Amino acid sequence: MKLLLLLLCLGLTLVCGHAEEASFERGNLDVDKLNGDWFSIVVASNKREKIEENGSMRVFMQHIDVLENSLGFKFRIKENGECRELYLVAYKTPEDGEYFVEYDGGNTFTILKTDYDRYVMFHLVNFKNGETFQLMELYGRTKDLSSDFKKKFAKLCEAHGITRDNIIDLTKTGSCILSSWI
């Protein structure tokens, strides 16, 4: 019984913290305003190896396309020291503001916070072979954002149980540049 109460309190704390951080009501999200160029700023996960160098979730965002009932993501990832470009389409689920995409397993994600013109913060849950992990991403319309945005993102990560040790500032690690075509 004590465990149940503890889990209930934790859940309520996360919901309340999430509600305070949101800059829009989930039903009021205007996804059309997300269309355009974006840059990866900070990434976080409770499974750090997924976001470290050559990790499958260490992505370098380039562009978001708003499609009918879906979002298209153009990004680069580094595998075996080589950068390659990917394009994935995430489909809207029956849950309000939630999307699903297949990539290194199944992924559901929501947009936690955005002002459309400067930044967007995503929360993703990956599930593969009976295991799950969380991923959070901060993208900017410019190649970097002020430390204020990064601090807000870090607090949001902590509210989701991701420690500061598992947050990587991609603006300080270099980007992923494709080799020239021969």
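The following paragraphs go through salt bridges in this predicted model.

The structure contains twelve salt bridges. One of them joins Lys 78 to Glu 53, with 3.1 Å between the closest N and O atoms. Lys 78 belongs to strand 4 (residues 70-79), while Glu 53 sits in the loop between strand 2 (39-45) and strand 3 (59-67), so this pair ties together parts that lie 25 residues apart in sequence. Both partners have some access to the surface: Lys 78 is partly exposed, at a relative accessible area of 21%, and Glu 53 is also partly exposed, at 46%. The value for Lys 78 is 21%, and buried residues are those under 20%, so Lys 78 is classed as partly exposed.

A further salt bridge links Glu 79 with Arg 84, and here the closest N and O atoms are 2.7 Å apart. Glu 79 has a relative accessibility of 34% and counts as partly exposed. Arg 84 falls in the partly exposed class as well, with 37%.

The next pair is Asp 144 and Lys 150, whose closest N and O atoms are separated by 2.8 Å. Its two residues fall into separate accessibility classes: Asp 144 is partly exposed at 37% relative accessibility, whereas Lys 150 is buried, with a relative accessible area of 16%. The cut-off for buried is under 20%, which is why Lys 150, at 16%, is placed there. This pair does not stand alone, for Asp 144 and Lys 150 are linked with Asp 169 and Lys 172 in a network of salt bridges.

Conventions: Residues numbered from 1 in each chain as written. Predicted model: local features only at pLDDT ≥ 70, side-chain atom pairs only at ≥ 80, totals over all residues. Heavy atoms only, no water. Salt bridge = Lys/Arg side-chain N within 4 Å of Asp/Glu carboxyl O. Helix = DSSP H or I, 4+ residues; strand = E, 2+ residues; numbered from the N terminus. Buried < 20%, exposed > 50% of the residue type's maximum accessible area, 1.4 Å probe, protein only.
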